[in-house]
Amino acid sequence: MFSLQLLSLALATTILPATLALKLPEYKALKTSLNSSVLTVTFHNADSPVNLWNQDTQDGLTDLVERLQHDKETKVVIFNSDVPRFYVAHLDLSMPSVAEPTFAETFATLIYNVSTLHQVTIGAVEGRARGAGNEFLVALDMRFATKTDTLFGQPEVGTGLFPGGGGSQFLPGLIGRGRAMEYILSSKDITAGDAEKIGWINKAFDTSAEMYTYIDQLTSRLRLFPLTALYGAKKSINRASAPTFKDIVADGISFRKQLADPLAQAAAKKSAALLANRSQFEVELILPDVLPLLYQ
Amino acid sequence: MFSLQLLSLALATTILPATLALKLPEYKALKTSLNSSVLTVTFHNADSPVNLWNQDTQDGLTDLVERLQHDKETKVVIFNSDVPRFYVAHLDLSMPSVAEPTFAETFATLIYNVSTLHQVTIGAVEGRARGAGNEFLVALDMRFATKTDTLFGQPEVGTGLFPGGGGSQFLPGLIGRGRAMEYILSSKDITAGDAEKIGWINKAFDTSAEMYTYIDQLTSRLRLFPLTALYGAKKSINRASAPTFKDIVADGISFRKQLADPLAQAAAKKSAALLANRSQFEVELILPDVLPLLYQ
Amino acid sequence: MFSLQLLSLALATTILPATLALKLPEYKALKTSLNSSVLTVTFHNADSPVNLWNQDTQDGLTDLVERLQHDKETKVVIFNSDVPRFYVAHLDLSMPSVAEPTFAETFATLIYNVSTLHQVTIGAVEGRARGAGNEFLVALDMRFATKTDTLFGQPEVGTGLFPGGGGSQFLPGLIGRGRAMEYILSSKDITAGDAEKIGWINKAFDTSAEMYTYIDQLTSRLRLFPLTALYGAKKSINRASAPTFKDIVADGISFRKQLADPLAQAAAKKSAALLANRSQFEVELILPDVLPLLYQ
């Protein structure tokens, strides 16, 4: 006989087959934790109170993504942060590699490879996700966030640049062309509650506990399903709604040119001067409010 | 003199020119009813209490769509169901044609042809629309539903497959990439109320009567307008937002390969075993809750 | 020390560098006003109480867009109307150029050029924006509106035509394929409140004052940022979400053919007859209610 009680009991005692678990090195700016085919990757740049995306972040993610591309056991990857009030502030523009001619293609390749992983990728956001942090986030499969103190934004245009790592192309696929224009061009933030309303994120929660309960319920299903089925569906959804590698790289190349724009360089200098006698933590908390000062 | 009262009176007595009505055969799994250029097609698989999409459904729809392609009189086609609690449960995987090498292209061709009909196509949903039922639905021009007891879902990934008939490509064009990923990858249902909020359906209604009042008002306009104008607009909207035939077929070919995946075949066997001593009707009512049992 | 009070004080006294202001001629159907790199363009067809889009409108916009393409100082262009209750009613089909073989390409070129301007383009809507008015609007970067008495619609299908100037392709990128189908095929209006909910416009406001306060806050940021950065972002967003020139022209060519359709011509004749003894202002106020009368 069919019984819901029996079903849920059966479900609770489901035992997964033993797997060849993914082996990961220690990363400088990422913490990792693997639990029965669900990998949690935590942004943690110990050198930055605002969790800047630096060379260690990028090298770690690049290595991780390559390993996931050859891994058949991990089903879900959750990306979160343990730095208070910051998911990822933005790219550290003082990274030496930013000036290298290959940077655009390297960053674009990482974003593209993340968007096309066989595994299901989930962003769990508490705090500010801006710039490269939000570009990475919108390339993931789905996004969840807490409402308190979480903000999303692309501050690049306000600093004389623009989101050139794919973010400008993934965002319209979530919120439409008109709203992508408003948020990207004005470099202003959006709250998690408003982000949920327009589709920037899948769902916003009152508390961290509620968010992880929801994500746990989701991953308890996803980790059961065959990776080939998950990837088959992802490939098809991406075919209809994700930018191609060529399109993302085209953005990256424009971005590199824009870095040399005198107005962008002037904004960068002004930015350094503004930060000289201020706490970066306080400035980054309200970054969109500070951007107009770069043009005084 | 201009008067709203006169206008609405005039409207009520509008007489349409006599037309060469569409001639349709009796279909085994579809009921049809034509009323002044508005055709209603009712999914009714008499052999299935959950309204499975079987060979009769597919053959009937294929024939119907070919006739509509050559018909100049019908303006609107409404697709509904008269099976209690089920719009269309999903594809009957025991259909012999599923194993044939031409199945992917046949199904993809049907979905593509439906999405490019000259006539306006409307889904009126009461009950569960899952799998092939939802793939068909999202390829229609628009969708309406009652809130009580209506659910939409793509359970394929949970059975080791994926929506390979175009649904994975039409859905992101309605609800965005992030939400399409969440619902398709997790194989969970969405209610009509939530589906309206994110754009999966156009509008949800408290009662069946309210839904049909809304649809009647809509079709009372649509049936007046020239078919050439309706099709001109459809072609243009589709150019911007519908997958191409090539893209849909590409999915179909991947789907056929996935049918041979050992994990998909194991899930199918488990599914058969689970159903052996249970009522299909009760299992299908809560299908997303049952899927994890296939991996015990 | 870092202080929010100081920041906002600093912001208020920001002084922009002197610029070579854009020089514009007097336009017959457009009023223009330039204020520190923010240009306001007001639709004002003095010959039409419903602000029809006529030859003067089109010639003015074409000239304006060409000048903006070569202008490096203007950062933002706001398009509004000063005709009570009408933003732009629709195209004046009695314009002689409509019948010319080059019309489709001329109109499509204008819409495409507007969508790819370096400057940020904003629609500020009070009153009805229908037909060509709404096609122009959805090609802009963003749209705001007051809730009272504002309506959006594409009445073309109801007159035997279809939106052939790009609108049918821009709209699905804002509201999805299903809702674009419903509104374009039925030729019915949507209110500003509902338009905000589904993404047709960015935001709806209770009063004109509230709308302009919001737009002012937005432009006070946008006018500071480098034009190269604004354009870099726009190009990237458009790459992902705007139709190409080739796609828009393809629509324009279909539209021109549809103009010759006997049913479209019959609807146009009927329309002229209906208007003969009625006030155009009153008919246009409720245009979607009147369209069914063309088929009596």
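Biologist: Helix α4 of chain A, residues 132-139: mostly covered or mostly exposed?

Modeller: Mostly covered. In this predicted model, eight of the eight residues of α4 in chain A are buried.

Biologist: Which residues are the buried ones of α4(A)?

Modeller: The run starts with A:Ala132, A:Gly133, A:Asn134 and A:Glu135. A:Phe136, A:Leu137, A:Val138 and A:Ala139 are buried too.

Biologist: Switching to charges. How many salt bridges are there over all chains?

Modeller: A search of the whole structure gives 33.

Biologist: Let's take some. What does A:Asp82 meet in a salt bridge?

Modeller: A:Lys31, side chain to side chain, at 2.6 Å from N to O. The two sit in distant parts of the chain, 51 residues apart. A:Asp82 is in the loop between β3 (76-81) and β4 (86-88) of chain A, and A:Lys31 is in strand β1, residues 30-35.

Biologist: Why does A:Asp82 count as partly exposed?

Modeller: Because its relative accessibility is 33%, and partly exposed runs between 20% and 50%.

Biologist: And what is the relative accessibility of A:Lys31?

Modeller: 41%, so A:Lys31 also counts as partly exposed.

Biologist: Next one. What does A:Asp141 pair with?

Modeller: A:Lys234, in a salt bridge of 2.9 Å, N to O. A:Asp141 lies in the loop between α4 and β7 (142-146) of chain A, and A:Lys234 in helix α9 (227-241), so the pair ties together parts 93 residues apart in sequence.

Biologist: Are A:Asp141 and A:Lys234 buried or exposed?

Modeller: Buried, both A:Asp141 and A:Lys234.

Biologist: Over to chain B. Which residue forms a salt bridge with B:Asp149?

Modeller: B:Arg128. Closest N and O atoms are 3.0 Å apart. B:Asp149 is in the loop between β7 (142-146) and β8 (151-153) of chain B, whereas B:Arg128 is in strand β6 (128-130), so the bridge ties together parts 21 residues apart in sequence.

Biologist: How do B:Asp149 and B:Arg128 count, buried or exposed?

Modeller: B:Asp149 has 27% relative accessibility, so it counts as partly exposed. B:Arg128 is at 5%, so it counts as buried.

Biologist: Back in chain A, which residues are linked with A:Arg128 in a network of salt bridges?

Modeller: A:Arg85 and A:Asp149.

Biologist: Now the assembly. What turn lays chain B on chain C?

Modeller: A turn of 120°, with a shift of 0.0 Å along the axis. The RMSD is 0.0 Å. That is the relation of a three-fold axis.

Biologist: How many residues are in contact between chain A and chain B?

Modeller: 44 from chain A and 40 from chain B. The two chains bury about 3,500 Å² between them. Of that, 63% is on carbon and sulfur atoms.

Biologist: How many salt bridges and polar contacts are there between chain A and chain B?

Modeller: Two salt bridges. In one bridge, B:Asp251 pairs with A:Arg239, with the closest N and O atoms 2.4 Å apart. The polar contacts come to 19 residue pairs, both residues at pLDDT 80 or more.

Biologist: Which elements of chain A each supply at least two residues to the side that touches chain B?

Modeller: α1 (4-12), α4, β7, α6 (172-186), α8 (208-222) and α9. The largest share is from α9(A), with 13 residues. By class, that side of chain A has 27 nonpolar, ten polar and seven charged residues.

Biologist: And chain B with chain C? How many residues does the contact take?

Modeller: 44 from chain B and 40 from chain C. About 3,500 Å² is buried between the two, 62% of it on carbon and sulfur atoms.

Biologist: What salt bridges and polar contacts turn up across the interface of chain B and chain C?

Modeller: Two salt bridges. C:Asp251 forms a salt bridge with B:Arg239, with 2.4 Å between the closest N and O atoms. There are 19 residue pairs in polar contact, both at pLDDT 80 or more.

Biologist: Which element gives the largest share of the side of chain B that touches chain C?

Modeller: α10(B), with 13 residues. The residues on that side of chain B divide into 27 nonpolar, ten polar and seven charged.

Note on methods:
Residues numbered from 1 in each chain as written. Chains lettered and ligands numbered in written order. Predicted model: local features only at pLDDT ≥ 70, side-chain atom pairs only at ≥ 80, totals over all residues. Heavy atoms only, no water. Buried < 20%, exposed > 50% of the residue type's maximum accessible area, 1.4 Å probe, protein only. Helix = DSSP H or I, 4+ residues; strand = E, 2+ residues; numbered from the N terminus. Salt bridge = Lys/Arg side-chain N within 4 Å of Asp/Glu carboxyl O. Least-squares fit on C-alpha atoms with pLDDT ≥ 70 in both. Contact = heavy atoms within 4.5 Å. Buried area = accessible area lost by both parts, 1.4 Å probe. Polar contact = N/O pair within 3.5 Å; in protein donor to acceptor, adjacent residues only side chain to side chain. Nonpolar A, V, L, I, M, F, W, Y, C, P; charged D, E, K, R; others polar.
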